[in-house]
Each structure stands twice: as C-alpha cells, then as structure tokens.
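Thanks for coming. I will put the structure up and then go through a few of its residues.

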Amino acid sequence: MTQHTDLPSDLLPLAVRQFLGAHIVRDADTASSFLAEDAVIVDQDETFRGREETDAFLRDAGSEFEYTTEQIGAHRVDDTQWVVTVRLEGTFPGGVAELDYRFALRDDLIAELVIANHPA
C-alpha cells in the first residue's frame, strides 16, 4: 500500500507546484514556462534536452490515453531537489502507475525532471 507523506503541496517550491498543476491538466505551454531554457526531462529512460524537445514531450506525453493524476507524496531531498509521487489511473497498459517526479531546481526554475516508477 502506498504511504502518503506529510509534506503538503503548499510547501513545495512554486515552480514545482505550478508545473504540476499545469502538467496535470495537460497545459503544456504553461508547464513549459517553469522549465529552464536548457532543461532536461528523463521519462522511463528516454531523455529530452532543451526547449524544443521538452516542449514536445510535455505536449505529447500520454496524449493517447485518458487518465487521472493524484499527488500521493512529496519530500525535499535538499535545497534544490524535490520528489513528488503521483498515482495515475487510466486507459494505459496496466491501468495504474505510481511515479516519482524528481525535480532539480536552478534559479527558481526546473533544470531537470526525472520521471520513474515509484519503488514498491
């Protein structure tokens, strides 16, 4: 069973909160505005670098599926790194996934985002 953390969303950095809010409703343009110009996104071992590739990833990721997203955990790693765990339920293979979104911040923007399966 998933453990929910006690870190409320309002204690996450503003860029992380606003990115997630936009990403959850599939507003790629707004989500992209919280990324550094040279940001890197890694999703399930596929890497996207720079504005053009990260914008395309945010626009296209999961677009072929219907799903809901719920934040079920969050914690601070250090001054620049945060992890937010989300639970997806939808029409994708398997129907349920728990993912960690690992954010690295620089100058109040997201410099790196690594999306990986949440350890069981």
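Let me start with one residue, Leu109. Is Leu109 buried or exposed? Neither label fits: its relative accessibility is 29%, and buried means under 20% while exposed means over 50%, so Leu109 counts as partly exposed. Please keep in mind throughout that this is a predicted model.

Where does Leu109 sit? Leu109 belongs to strand E6. Setting aside residues up to four places away in sequence, Leu109 touches Ser33, Phe34, Leu35, Ala36 and Ala104. There is also a C-alpha distance to mention: Leu109 and Pro13 are 96 residues apart along the chain, and their C-alpha atoms are separated by 9.4 Å.

Next, Ile110. Leaving out neighbours within four places in sequence, Ile110 is in contact with Ala15, Phe19, Phe34, Leu35, Ala36, Ala39, Phe103, Ala104 and Leu105. Phe34, Leu35, Ala36 and Ala104 are on this list, and they are also among the residues that Leu109 touches.

Ile110 takes us to the core. How many residues does the largest nonpolar core have? The count is 29, and the residues with the most contacts inside this core are Phe19, Leu58, Val84, Tyr101, Phe103, Ile110 and Leu113. Several elements each supply at least two residues of the core. The helices are H1 (14-24), H2 (28-32) and H3 (50-60). The strands are E1 (35-43), E4 (81-90), E5 (96-106) and E6 (109-117). As background, nonpolar side chains in soluble globular proteins tend to be buried together.

Now a polar residue. Asp100 is in strand E5. Is Asp100 buried or exposed? With a relative accessibility of 4%, Asp100 is buried, because the limit for that label is under 20%. What does the side chain of Asp100 meet? A polar contact of 2.6 Å joins it to the side chain of Thr85. Apart from residues up to four places away in sequence, Asp100 touches Val83, Val84, Thr85, Val114, Ile115, Ala116, Asn117, His118 and Pro119. One of these, Val84, was named earlier for its contacts inside the core.

That leaves the charged pairs. There are 7 salt bridges in total, and I will show three.

The side chains of Arg106 and Asp38 form a salt bridge, 2.4 Å from N to O. This pair links distant parts of the chain, with Arg106 in strand E5 and Asp38 in strand E1, 68 residues apart. Arg106 is partly exposed at 37% relative accessible area, and Asp38 is partly exposed at 47%.

Another salt bridge joins the side chains of Asp55 and Arg51, at 4.0 Å from N to O. Why are these two separated by about one helical turn? Because they are 4 residues apart in helix H3. Asp55 is partly exposed at 21%, and Arg51 is partly exposed at 25%. Glu37 comes in here as well: Glu37, Arg51 and Asp55 are linked in a network of salt bridges.

The last pair is Glu89 and Arg87, whose side chains meet in a salt bridge of 3.0 Å, N to O. Glu89 is partly exposed, with 38% relative accessibility. Arg87 is partly exposed too, with 25%.

To recap, Leu109 is partly exposed in strand E6, Ile110 is among the residues with the most contacts inside the largest nonpolar core, and Asp100 is buried with a polar contact to Thr85.

Methods:
Residues numbered from 1 in each chain as written. Predicted model: local features only at pLDDT ≥ 70, side-chain atom pairs only at ≥ 80, totals over all residues. Heavy atoms only, no water. Core = buried A, V, L, I, M, F, W, Y, C linked by side-chain atoms within 4.5 Å. Buried < 20%, exposed > 50% of the residue type's maximum accessible area, 1.4 Å probe, protein only. Contact = heavy atoms within 4.5 Å. Polar contact = N/O pair within 3.5 Å; in protein donor to acceptor, adjacent residues only side chain to side chain.
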